[in-house]
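Hi everyone, thanks for coming. I'll walk you through a structure that may be new to you, so have a look first.

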Amino acid sequence: MMVLTQRTQALHNAVLGSCDTMIAHRLTAPADQEPVKKWLKANVDKTTFESVSTTLSSLKTGSGWICSGEAQVAELRQFPKISTYDNSATPTGDMADQQVKTAAVDRDRLRAIIGDAVKQVESEDPARLRAEIARLTAELAKPSRGATAESAAATAEADRRGYERGFWDAASQAKVAYETLKEQVRGTVRVLADSLEKNIASEKLELTQSGSPVAPPSASPSPRPTAVPTGRAPTRAASGDGSLPGPQQRIVDAIMWWNVMGVPAPSHAQVGFIAGFSHKSGTWATYLSRLRSSGMIEGRGDLVLTGAGIAAANRPGAPPSGVELRTTVLGRIDAPLAKILTPIMKAYPRGLSHAEAGEKSGYSAASGTWATYLSRLRSLDLIEGRGDLKAQGWLFP
């Protein structure tokens, strides 16, 4: 198929995108040159693009560029003049008059060739249809001759049956829609109930003042190092004799775990993740306040153990390997977050676009839950980046 126009700016992009070969004659308007230049950028090299685009406005009459992306051709050609009757030629004084006559149209022969198409056009002619509608409307408006009480009763009965059937059809559809909605609501309530139960269990665990510390992942009790002297005298609960309450012990152990990993001052999110607490909860702030009061930690931003905190912390036997660390992380987050984080970690140190990460994890990057999941991963310091998504470097020690 060939597309010919003197106004390339009026061509739809879908048409330009379907063209494999282009012949461009002189184009003086920048708006008409722009679509040609866009096509050239996508189909020829930079040198050819410069050669063609800089000469579009000065091409001689009858000359034009022949360009093909598939054949990698870009040639300036002079096209021959029209040898048949040229009704676009500029008239001169010595030119003889051209009498161009068209052949008579044999309508009957055309009808025979076209066949039923003519009948279809005639049957769909708007003017004819409007006239037919007007005629039928007038017929209906006339009093019916010979109408009887029996026919009127039959009509009323037919109307009643029609209304009744429509009512029950609508009722049946409404019932199906109601049952579907009810199941959806039940599923949502079940999910919320499970989530609430987990949160309650977590809060109970945090508030339990247990005497036995809960070690973070890969941690095993070992002899505590000698406390580094500080200017603050530790309280009895911070004396390193194992008397720290359970939640506070888990936080101190988590900071030590990060220290062994080579992070001297981990963030709240990092420590909370290893300790199993939400670093945005009110109880988290309460635990940190108690640890500061007892001389176990320092810092309002990143968290640093004091000498007493080092003495009280359970030191892991050995830092986990990178694979063990990433496996531990994936095991401590919700399943949707783990599905999204897995391909992002596999791509490290390269990042993934939202579309790539969504495709590899089985989620739609255009959904509202996608943004929620990414926000949770960022709050846990597991990913970074707003454009391409990249795993945090601490996951790859």
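Let's start with helix 9 and helix 10, which are roughly perpendicular to each other, a label that covers angles of 65 to 115 degrees. Helix 9 covers residues 268-275 and helix 10 residues 282-293, and they pack at about 100° with their axes 13 Å apart. Axes here are lines fitted to C-alpha atoms, for helices over the stretch in contact, and angles run from 0 to 180 degrees between N-to-C directions. Helices are DSSP runs of H or I with at least four residues, strands are runs of E with at least two, and both are numbered from the N terminus.

Who makes that contact? On the helix 9 side we have His268, Val271 and Gly272, and helix 10 brings Trp284, Leu288 and Arg292; contact means heavy atoms within 4.5 Å. By class, the contact residues split into three nonpolar, two polar and one charged. For the classes, Ala, Val, Leu, Ile, Met, Phe, Trp, Tyr, Cys and Pro are nonpolar, Asp, Glu, Lys and Arg are charged, and the others, Gly among them, are polar.

A quick word on the model: it is predicted, with local features needing pLDDT of at least 70 and side-chain atom pairs pLDDT 80 or more, while totals for chains, interfaces and linings use all residues. Residues are numbered from 1 along each chain as its sequence is written, and side-chain values use heavy atoms, leaving out hydrogens and water.

Now the sheet. It's an open one, three strands in the order 1-2-3 with antiparallel pairing, where pairing takes at least two DSSP bridges between two strands. Strand 1 and strand 3 (73-78) are the edges, each pairing on one side only. From one strand to the next, the twist averages 20°.

Strand 2, residues 63-68, shares six bridges with strand 3. Ser63 sits opposite Gln78, and Cys67 has Ala74 as its bridge partner. Four residues lie between these strands in the hairpin, where Gln72 takes a positive phi near 55°. Helix 2 lies across strand 1 and strand 2, at about 140° to strand 1.

Last, the largest pocket. A pocket is an open set of points on a 1 Å grid over the protein atoms alone, where a 1.4 Å probe fits, with protein on both sides within 12 Å along at least five of seven lines; lining residues have an atom within 4 Å of a point. Here 38 residues line the largest pocket, with Leu4, Thr5, Ile23, Ala24 and His25 nearest its centre. Helix 1 (13-16), strand 1 (21-24) and helix 2 (30-43) each give two or more residues to that lining.

Key
Angles under 35 degrees count as roughly parallel, over 145 as roughly antiparallel, 65 to 115 as roughly perpendicular and the rest as oblique.
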